[in-house]
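I set out to record what I looked up in this structure, entry by entry. The sheet pairings come at the head of the notebook, and the remaining topics follow.

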Amino acid sequence: MSRLSTPPSSTLVNRSKPLVFEYNGRRIDACEGDTVASALMASGVDILSRSFKYHRPRGHLCGEGHCPNCMMNVDGSPNVRICSEKVCNGMVVKHQNAIPSPEFDLLAITQKFDFLMPAGFYYKIFHKPRFMWPVFEHFIRKVAGLGVVDGKTPPYRYERQHLRADVVVVGGGPSGLSAALGAAEAGASVTLVEQDSFLGGHFRFQNPESSGFKKVLELEKQVRAKSNIRVLTGAVAFGLYEGNMLGVVQGRRTVRIRAKRVVVASGILERPFVFGNNDLPGIMLGRAVQRLLNLYGVQPGKRAVVVGSNDRALDVAADLLHAGVEVAAYADQRERINDSLESVKLLKSKGVALLPATTAVSADGKMHIRSVTLGPVAGRGENIRLDCDLLVLSVGGDPAIHLVQQGGARGFFEEHRVEFIAKRLGEGHFVAGDSNGVHHEDSILLDGRRAGLAAAQGLGSVDHAAEIADLESRLSANPAVVLNPKTMVAPDGSGKRFVCVCEDVTEKDVCDAIREGFDGIETLKRYSTVSMGPCQGKMCQMSAIGICARETNRTIEETGSTVSRPPFIPITLGALTGRNYHPHKTVPTHSRHAALNAKVISLGDWLRPEMYSNPAEESRAVHERVGLIDVSTLGRIDLRGTDVVKLLDKVYINSWGNLKVGRTRYGVMCDDTGIVFDDGTCARLGDQHYFMTTTTSGVDGVYQWLTSWMAGTSLDVCVTNVTSGYGGVNIAGPRAKEVLGKLTSLNLDSKEFPYMGCVQGQVAGVPCILFRIGFVGELGYEVHFPSFYGEYMWDVIMDAGKEFDIRPFGVETQRILRLQKSHIIIGQDTDAITNPLEANLAWAVKFDKPDFIGRRAIFEAKKQGIKKSLVGFVTRHGEVPEEGTQVMENGYSVGRVTSARFSPHLNKSIGLAWVPTARAKDGQPILIRSKGEWVIADVVTHPFYDPEGARMKG
Amino acid sequence: MLNFLSNDKKMWRRHTLKSSYEVVIVGAGIHGLATAYYLAKNHGITDVALFDKGYLGAGASGRNTAIIRANYRTAEGVPFYEESLKLYEDLARDLDYNIMFSQRGHLTLAHTDRGVTGLRERAEMNQILGINSSMIKPERVKQLVPTICLDSNPHYPVMAALWHPPGGVIRHDAVVWGYARGCDQMGVQIHPFTEVKAINTRDGAVQSVTTNRGEVKAKFVVNCTAGHASTIAQMVNVDLPITTHPLQACVTEPLKPFLDPVIVSSTLHIYVSQSDRGELVIGQEIDPFSSYSFRSTLPFLEGAAMHLLDLFPCLSEVRFLRQWAGICDMTPDYSPIMGFVEGVDGFILDVGWGTYGFKAGPVSGKRIAELIATRKTPNLIRPFRLSRFYENDLVGEKAAASVSH
Ligand SMILES: Cc1cc2nc3c(=O)[nH]c(=O)nc-3n(C[C@H](O)[C@H](O)[C@H](O)COP(=O)(O)OP(=O)(O)OC[C@H]3O[C@@H](n4cnc5c(N)ncnc54)[C@H](O)[C@@H]3O)c2cc1C
Ligand code: FES
């Protein structure tokens, strides 16, 4: 292996721009445009990896980024297919899965024990005796797996992009280029997605003198000139998802493309062939060889044998001759080789032996192929053995219909062409060219144009039906070209006959599995692991199906194929994620808390002050004087319209018909199974204007809930989530009225603005919405203001409160204060099966209104009677049991503690717990198991603090 | 000598349909197979046919992420799943098939105060019931999983975890095949590609089953069709409180072992384990909409990547290899529905397996077999009876926020 002395004109490599990189500590010279693989090959490195199970040497095989043979660690990234990875200066490349190197691998010893490892062997041993399994498992795990995770975070930056297009064409080969042009000429905006770094597909890496090569250069020119075609190269469409959304990966970026129509023109996936030692380095697929020669100017061997099954194979042989490689023989699986072809004439003129009806039977060599044995396809007759260092397989391939299959299409087996063709395509999906089973050189272009025009039909104003019909008739006039041989398996030959190179599964393994009863393609795959490897069956699925059909005396169609699952190629977590942002939401008063040195904690997405001094001091301020807490994180939903009451009556268990303007009410929402899921207040600001607050974490869910219950009804309600438009504070404590009074001309007299009242008006010149409510159990005003006034509002209130020694208080104090009042927190004191009757919310359930969500379930629950209840408790000896500990009776758990705190004001440890309803009576003792100790507590069924609520109403 | 490694004996044979069976089981996933297995093994009832419309394991039993654990939340759930775990521990020997039960531990992370409370609740309940399960601190998490990053997501740092050493993962296909072979050896008939189209009753009792291959008589019909349970129950006019949702999963390319325990984070919506092959197996919550669709979605794949990177930023260059979807029958309380159905004699439910039914296969099979053989509902599964939904007696496995695999 070396560089060609004169590179072909089609080369991508710029020999005047040298680069260097490191491979296993060795310096490798490369040139701009080289892939890591082409540079390694040019430097004589031919063993690229060791196989998964037997650690057999493996070399360059498919050259198109699918097979597992060239996976290496590149700059810290595991499992990079180096045949598709461009060289960058200074790259560090390392081998994988071999100790110490692919050339000499100690683990190759496993080959000697292959008789111990038939298909599924691990299901039959290692489990006896039972205690040995973990020991065996430890070892099995060590030898499995390819890439290494070292715990270091790779330094790369990832991105995500969102695009739209009328038509996306997947594949920039001849049919894809024609399709893109067709669609673009029909007026569509087109995005062309091509896996390679260049356009032109397999025509582009044919000999530069070939007609195909010239055609795609011309097509590329036209495509590039079109302003309505966006070209993405080095980009792989990995998934076709619901709603014609294409997932595309381009290096470290994911592109999501929403398309109206999708044309899949992704060509064929060339297949290897099953014969003895078919995995030796030096055995390559035809397209890999053409790429090396015509794109990278690298000579893959000195003396080659080519085995083909179609005219494309002849072109490969001719290309080898052009590049100065000796071709020892050309074997073709077909009965007849067409003498009139230019390539055949060339082969003949160079004296290459042409062997029809001949195939490879086995290969020989230890670390590299040394010779190949050819024999008749039919299996009977003479074999011949030829020395060579390169065996080229050009025996057809499978239409790449994975994407349309993901989109709902089914693959139907075409007996005559020996390939699966996609039919029953999903809406807006089209297939063209090689991937559509159209392999004739001219037809590929016609079929591409047909698909492009068809895809654009109806998007623009011009109708192209006539041209499409014309193209179709021209297509049917062209001869059908068959690429694939009838069988994928050689008649008998010695050596391991690999079906699946990824998983080291041989023909014998597949047959064994079938004999054991795994004779359907799905079970066969799972048991033998054929097609479960890094290429996901791209290289082996057809041979496996063929063998399965043969062994079970079924046709291929009867045997069927497995379902193609996304992604089409393996794709990095980084690219899928893009930049992993974790933005915080800060409250509008945030800077003030920071200035006060508050302890700020992360609650959900929000940063909130947990504490400014300590709960004892903060709660004393609230009880005795006045305190201020930010409540900006509350959810807020604005509701307007003539039917708001109807909507509220539906989503809340409470009744809303009698709520007067200027009043607010506590409300509870249940789902349709009667489970409590959110609570908050809802105020009537105007005749047809309501303002709802929800829990901090619940607002998005509640908003969705409201809109989804509105959908399909003719309710006249306008629902707006205004959470981030407002900030809010709660001024609480006996002096709260005086503080607020200094800032507003609103009449705060309890007659005018009573408990559970609401008003709109100015506070310190800012338009606000005010509620008089008492979550923390004292006289309190919740003031909501436009969020950009946050700092101003905080400052003026703190200023006005100075004379009353106002104190800010944090979330922790609020938790204690609310617990003193036995106010529950949904999701903490309730769980996913709590109904309102159990949670002391029976008073809120209004069975006498027409209907509400959850009514039926709550009604049934009421009929059955309540078995457990949420109650308060006080521990006898002041312990604070941990939240989540269990309430015990006779050794069984009968309930659990949901909230518990020490209340400095009451000087008691209090909490809420679930207990059997029979115990839900004042003074009942309960036993709590906390940290392995027993805590005795007494049940309290009313608020611990100010049970009559005189203080907040006062 | 090593003949047992490769033999010609079929795992299960093909049969023509008989005209009648004592027990017909609809669905040959793990639940159907285990039921048949224990019917034959524990009770000598072998006149049993298993019908599946697809290949063996075509349903959720071939699509799940195979997490096994017993650290449930309720006094009803814990002993039930614990019995299953114990059966699993002995199953390889019992079936003489290596089902690769890998008890490398199960770790549930908490990232919020409320999350910590939820885990403590389970730890306490587990300890009371004798389950090896306890709360551990972040430092210990780091010891168990050195590659984890405890605070790469600043909103949701790891605050504590629930550590359950007996938990782990299993080779789910092997369990299916092992049970199938066991059933076959004892004379149970397995009929793949046989779809049940109707269940015929007379005078409130099951009479026969109509399939695409003909009609067969049956004394008992067991509904073991996770994902389609409500459609089968409809055949005898039984309404089930079930909604069906897709659940997706994906795997990465195989990597050298670096992750021993199963890791679950409900706050980050992710769970992950590393299989013996080296692949990371990843799942999230059910899709938020109900559907019978098996189509994978891109948001799932993106979410899985993003959330996994929250815990393991070092994995950004690791690649996803394959994604897929299955469907799950969800009940309101995240507990199954098992037992006889009033009004339809001979019709038995073993359904509502949601996202957590694989681990329950052995115990369900054993106890449903007992129920058929004795005509009595075993105490262990009584809490899961259908009528609990009408008796306000739910089994609260669905905590406020839980990933329930
Ligand atoms: C992605 C995913 C991940 C999961 N992860 C876990 C996990 O980690 N741990 C866990 O414990 N559980 C998990 N589960 C849940 C678990 O897989 C299921 O609960 C369990 O496999 C159910 O087993 P089954 O035998 O009841 O049903 P299935 O295995 O679904 O079998 C039901 C069978 O019924 C057949 N059937 C349906 N209709 C008919 C008909 N009319 N006639 C004949 N046959 C019919 C189907 O073909 C199918 O084979 C997961 C599920 C999914 C989808
Ligand atoms: S060759 Fe790649 S999976 Fe079989």
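**Entry 1. A sheet in chain A**

I looked up A:Leu639 and found that A:Val719 of S40(A) stands opposite it. I note here that the model is a predicted one. The pairing of S36(A) with strand S40, residues 718–721 of chain A, is antiparallel and runs over four bridges.

I then turned to strand S39 (residues 689–694) of chain A, which six bridges join to S36 (residues 635–640) in an antiparallel arrangement. Within that pairing, A:Arg640 lies opposite A:His689, and A:Arg636 has A:Thr693 as its bridge partner.

Which order do the strands of the whole sheet follow? I read it as S37-S38-S39-S36-S40 in chain A, an open sheet of five strands with antiparallel pairing. Strand S37 (664–670) and S40 of chain A are the edge strands, each of which pairs on one side only. I noted an average turn of 25 degrees between neighbouring strands of this sheet, direction ignored.

**Entry 2. Helices H19 and H20 of chain A**

I next looked up the packing of H19 (residues 644–651) against H20 (residues 699–710), both of chain A; their axes are 11 Å apart and the angle is about 115 degrees. Angles of 65 to 115 degrees count as roughly perpendicular, and H19(A) and H20(A) are therefore roughly perpendicular to each other. The crossing of H19(A) past H20(A) is right-handed.

On the H19(A) side, the contact is made by A:Leu647, A:Lys650 and A:Val651, and on the H20(A) side by A:Trp705, A:Leu706, A:Trp709 and A:Met710. By class I recorded six nonpolar residues, no polar ones and one charged residue in the contact of H19(A) with H20(A).

**Entry 3. Helices H3 and H5 of chain A**

How do H3(A) and H5(A) lie relative to each other, roughly parallel or roughly perpendicular? The axes of H3 (residues 174–185) and H5 (residues 211–225) of chain A come within 10 Å and cross at roughly 30 degrees. Angles under 35 degrees count as roughly parallel, so H3(A) and H5(A) are roughly parallel to each other. H3(A) passes H5(A) in a left-handed crossing.

I listed the contributors to this contact: H3(A) brings A:Pro174, A:Leu177, A:Ser178, A:Ala180 and A:Leu181, while those of H5(A) include A:Gly212, A:Lys215, A:Val216 and A:Leu219. The residues in the contact of H3(A) with H5(A) fall into seven nonpolar, three polar and two charged.

**Entry 4. Chain A against chain B**

I looked up the contact between the chains and found 80 residues of chain A in contact with 72 residues of chain B. On the side of chain A that touches chain B, I recorded 30 nonpolar, 28 polar and 22 charged residues.

Strands also pair across the two chains: S31 (residues 571–572) of chain A and S16 (residues 319–330) of chain B are antiparallel over two bridges. Here A:Thr572 stands opposite B:Arg319 of S16(B).

**Entry 5. The surroundings of ligand 1**

How many residues surround ligand 1? I found 40, and the closest are B:Gly27, B:Gly29, B:Gly59, B:Gly326 and B:Gly357. By class, the shell around ligand 1 has 18 nonpolar, 17 polar and five charged residues.

Helix H1 (30–43), strand S12 (243–252) and S16, each of chain B, supply at least two residues of this shell apiece. H1(B) gives the most to the shell around ligand 1, namely three residues.

Methods. Residues are numbered from 1 along each chain as its sequence is written. Chains are lettered from A and ligands numbered from 1 in the order in which they are written. This is a predicted model: local features need pLDDT of at least 70, side-chain atom pairs count only at pLDDT 80 or more; totals for chains, interfaces and linings use all residues. Two residues are in contact if their C-beta atoms, placed from the backbone, lie within 7 Å. Ala, Val, Leu, Ile, Met, Phe, Trp, Tyr, Cys and Pro count as nonpolar, Asp, Glu, Lys and Arg as charged, and the others, Gly among them, as polar. Two strands pair if DSSP finds at least two bridges between them. A residue is near a molecule or strand if its C-beta atom, placed from the backbone, lies within 6 Å of it. Axes are lines fitted to C-alpha atoms, for helices over the stretch in contact, and angles run from 0 to 180 degrees between N-to-C directions. Angles under 35 degrees count as roughly parallel, over 145 as roughly antiparallel, 65 to 115 as roughly perpendicular and the rest as oblique. A crossing is left-handed if the near helix is turned anticlockwise from the far one by less than a right angle, and right-handed if clockwise.
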